[in-house]
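Please open the model in your viewer and keep the sequence panel beside it. The tour below goes from the whole chain to single residues, with a selection to make at each stop.

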Amino acid sequence: MRNRLFAPLWACLLLMLSAALLAMSSTAHAAPATIDDAARALRQGPVFVDPAASGQLSAAQEAALEKKITDADKPVFVAVLPATSEYPADNLLQNLRTDTGITGVYAVRLGDGFDAGADPQVMPVRAVDNLTTAVKAPGTGTNAATQLNAFVDRAVKEAKGSAPASWSGGDNAGDGAANGVPVGGLIVLGGVVLIGGGAAFAVVRRNRKRKEEEERAALEKLRVVVDEDITAYGETLDRLDFHPGEKGADDAMRVDYERALDSYDDAKSRMGNAQHPSDVRGVTQALEDGRFSLAVLEARRTGRALPARRPPCFFDPRHGPSVADVLWTPSGGAAREVPVCGADEVRLREGEDPMSRTVDVGDGRRRPYWEAGPAYGPWAGGYFGGGLLPGLLVGTMLGSMLSTPAYAAEYGGGDFGGGGEWSGGDVSGSDFDSSGFGGFGDGGGFGDGGGFGGGGFDGGGGF
């Protein structure tokens, strides 16, 4: 009797475990995926399909595409994403490359649109342009599977370098895996896997919770610094003695003024919506754009030549756009040229210390931001994008932390990289040659002709 009762009880237990795991899994994936999720997935494998876009590429098609890439051992990345607010078209491809932090060829299907780009040392810009144009040409098919396979078939032949070490490889052992294995053995094995899966899920859930707590702590640390920046910029706007209707004001001045105001609103909005440390990058980039607009406005009002677009003052971005590059040597480091504002240029020339931006490093102590922890990487990255910072921060505490693969994995690709020479599949953070991603970083985007090599995303009718 006990034996007859044990079997159904065991079966019931397995069913309950299965139901619980499915419930927890569905709960864990209820929130929409983001570009951070896509980048995290691409660091583990060549293809990411957002659940909201699963109708475009079936599981079997996804597996076949992934196998094709891993078998070729090439750094080719593919993302299939829905055209939603989680994936803004502007700068999406460059941001995906930055957050993934690995050199390679990147192809993205966004809604019904398609575009691609690559690090030039992996595939030349012209090659990416030609390949993207070819797969978007009329008559080549507009469905995701056809388009992505056409791209990957040629990309794996032309791309240089190897697949990143973080990928697990394309070893598929599904065919014939059950040959010669007794059905009873499979049932027992299934029970073991189910129980082990529950334990593994608990570990993953715990790690995810730990990561979320660390991100929240890092974001709160950044929030203090960014709020100071936003407040300082707002005070600059308040002191600005300009009125759009004043005598002598022209349309160009009014445009500069509107851009400066829009940058302020954009920075506040982005910070209010920030969920991850990497979101801060957009906030400080907006502030940097606003300060440059104010510099242009000032030049127009005083009749001076319009300033060239330069990075902000290295010592404190709140000082505004830099006016010169001067030689500077950090404590214990080597000399390098850094962009500085006019006031700091005078201080350095007279042998004085620059007015450096300091941040709280604990116990009430404040240190220059380049001597602080990696949490300040996204903050600095928004001010000094485009691979500028590796040279500025080499040999400093922040530079040493941000140039490691560990930082790229922990902060979603980071804002820096290890520099030096690398080939396809290497971790680089965002220290990469953006010439392979034409249109990004200068206002280009999916819908306005910018984008990776191929000229931006087109809608379904554009194929």
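A residue counts as buried when its relative accessible area is under 20%. By that rule, 42% of the 463 residues of the chain are buried in this predicted model.

**The whole chain**

Begin with the entire chain in cartoon view, where the secondary structure amounts to 14 helices and eight strands. If you switch on a surface, the area that the chain exposes is about 22,500 Å², and carbon and sulfur atoms supply 55% of it. Of the contacts between residues at least 6 apart in sequence, 66% join residues that are at least 24 apart.

**The open sheet**

Now select the four strands that form an open sheet, which follow the order S1-S2-S3-S4 with mixed pairing. At its edges are strand S1, residues 47-49, and strand S4, residues 113-118, each of which pairs on one side only. From one strand to the next, the twist averages 10 degrees.

Next, narrow the selection to strand S3, residues 105-110, together with S4: these two pair in the antiparallel sense, over six bridges. Show Leu-110 and Gly-113 as well, and you will find Leu-110 standing opposite Gly-113 of S4.

**Helices on the sheet**

Keep the sheet visible and add helix H4, residues 92-100, which packs on the sheet and touches S2, S3 and S4, while its direction makes about 130 degrees with that of S3. Then add helix H3, residues 59-72, which lies across S1 and strand S2 (76-81) and runs at about 160 degrees to S1.

**From H3 to H6**

With H3 still selected, bring in helix H6, residues 144-158. How far apart are the axes of H3 and H6, and at what angle do the two helices pack? The axes are 10 Å apart, and the packing angle is about 5 degrees. Angles under 35 degrees count as roughly parallel, and therefore H3 is described as roughly parallel to H6.

To look at the contact itself, display the side chains of Gln-61, Leu-65, Lys-68, Ile-69 and Ala-72 in H3, which meet Ala-145, Leu-148, Asn-149, Val-152, Asp-153 and Val-156 in H6. Sorted by class, this contact of H3 with H6 has seven nonpolar, two polar and two charged residues.

**Two loop residues**

Move on to the loop between H3 and S2 and select Asp-73, which is placed there. Although Asp-73 is not a glycine, its phi is positive, at about 55 degrees. Asp-73 is partly exposed, with a relative accessible area of 38%.

The loop between S2 and H4 holds the next residue to select, Asn-91. Asn-91 also has a positive phi, of about 65 degrees, without being a glycine, and at 23% relative accessibility Asn-91 counts as partly exposed.

**A last stop in H10**

Finally, go to helix H10, residues 342-349, and select Asp-344 within it. Is Asp-344 buried or exposed? Asp-344 counts as buried, because its relative accessibility is 0%. To see what is around Asp-344, leave aside its neighbours within four places in sequence and display Cys-313, Phe-315, His-319, Pro-354 and Met-355, with which Asp-344 is in contact.

Methods. Residues are numbered from 1 along each chain as its sequence is written. This is a predicted model: local features need pLDDT of at least 70, side-chain atom pairs count only at pLDDT 80 or more; totals for chains, interfaces and linings use all residues. Side-chain values use heavy atoms; hydrogens and water are left out. Buried means under 20% relative accessible area, exposed over 50%, partly exposed in between (1.4 Å probe, protein chains only). Contact means heavy atoms within 4.5 Å. Accessible areas come from the Shrake-Rupley method with a 1.4 Å probe; for residues, only the protein chains shown count as cover. Two strands pair if DSSP finds at least two bridges between them. Axes are lines fitted to C-alpha atoms, for helices over the stretch in contact, and angles run from 0 to 180 degrees between N-to-C directions. Angles under 35 degrees count as roughly parallel, over 145 as roughly antiparallel, 65 to 115 as roughly perpendicular and the rest as oblique. Ala, Val, Leu, Ile, Met, Phe, Trp, Tyr, Cys and Pro count as nonpolar, Asp, Glu, Lys and Arg as charged, and the others, Gly among them, as polar.
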